Amino acid sequence: MKNIVFDTNVLISGYLWNGKSRQAIRLVKSKDLCLLYCTGSINELVKVLSTKFRLTSLEIYRVILDIKRIGKRVHISSREHPIKEDASDNLFINLAIDGNARLIVSGDSHLLNLKEYKGIEIITVTEYIRQFS
């Protein structure tokens, strides 16, 4: 099973709208892939869904339940900080390191500008779909 990381914007787009991010989530479900998450990534997702998108507790619960069903929780112990412009993005780097992922799927320019970090490839949703379809 191949471990992968989706950043918050990919998950939000995938769960709220039809499009490439939703297709990316479907690929995780249909392939031998495991979506990694951690307490910090879930907390960030809940915060954005509740404050910016005003989802109800039940709607948020359903999203989190689905992520937990297709994914695996990882305890973060790494403290890498390659991204200086937005330190919160380092969460996804550390999640990938501690979860032994070789791929981060993102729409965030800070992550995408790295392209690769310690053997972890950082790609767009379009590139991910191209690789796994």
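This passage describes the internal cavity, two helix pairs and the surroundings of Leu112 in a predicted model. Residues are numbered from 1 along each chain as its sequence is written, and side-chain values use heavy atoms, with hydrogens and water left out. Because the model is predicted, local features need pLDDT of at least 70 and side-chain atom pairs count only at pLDDT 80 or more, while totals for chains, interfaces and linings use all residues.

A search of the whole structure returned one cavity of 30 Å³ or more. A cavity is a set of points, on a 1 Å grid over the protein atoms alone, where a 1.4 Å probe fits but cannot get out; lining residues have an atom within 4 Å of a point. The volume of the largest cavity, taken as the space filled by probe spheres set on the points, is about 50 Å³. Its lining consists of Phe6, Leu11, Leu36, Tyr37, Ser41, Ile42, Leu45, Ile67 and Leu95. Strand E2 (33–37) and helix H3 (39–51) are the elements that give two or more residues to this lining, and H3 provides the largest share, three residues. Helices (H or I, at least four residues) and strands (E, at least two) are DSSP runs, numbered from the N terminus. By class, the lining has eight nonpolar residues, one polar and no charged; Ala, Val, Leu, Ile, Met, Phe, Trp, Tyr, Cys and Pro count as nonpolar, Asp, Glu, Lys and Arg as charged, and the others, Gly among them, as polar.

Helix H2 (residues 20–30) takes part in two packings. With helix H4 (residues 57–70), the axes come within 10 Å and cross at roughly 40°; axes are lines fitted to C-alpha atoms, for helices over the stretch in contact, and angles run from 0 to 180 degrees between N-to-C directions. H2 and H4 are therefore oblique to each other, a term for angles that are not under 35, over 145 or 65 to 115 degrees. Here Ile25, Val28 and Lys29 of H2 touch Asp66, Arg69 and Ile70 of H4, where contact means heavy atoms within 4.5 Å. This contact comprises three nonpolar, no polar and three charged residues.

With helix H7 (residues 125–132), H2 packs at an angle of about 40°, the axes lying 9 Å apart, so this pair is oblique too. On the H2 side, Lys20, Ser21, Gln23, Ala24, Leu27 and Val28 meet Val125, Thr126, Tyr128, Ile129 and Phe132 in H7. Seven nonpolar, three polar and one charged residues make up that contact.

Finally, Leu112 sits in helix H6 (residues 109–114). Its C-alpha atom is separated by 5.8 Å from that of Ile122, 10 residues apart along the chain. Leaving aside neighbours within four places in sequence, Leu112 contacts Ser106, Gly107, Ile122, Ile123 and Thr124.

How values were computed. On a 1 Å grid over the protein atoms alone, a cavity is a set of points where a 1.4 Å probe fits but cannot get out, and a pocket is an open set with protein on both sides within 12 Å along at least five of seven lines; lining residues have an atom within 4 Å of a point.
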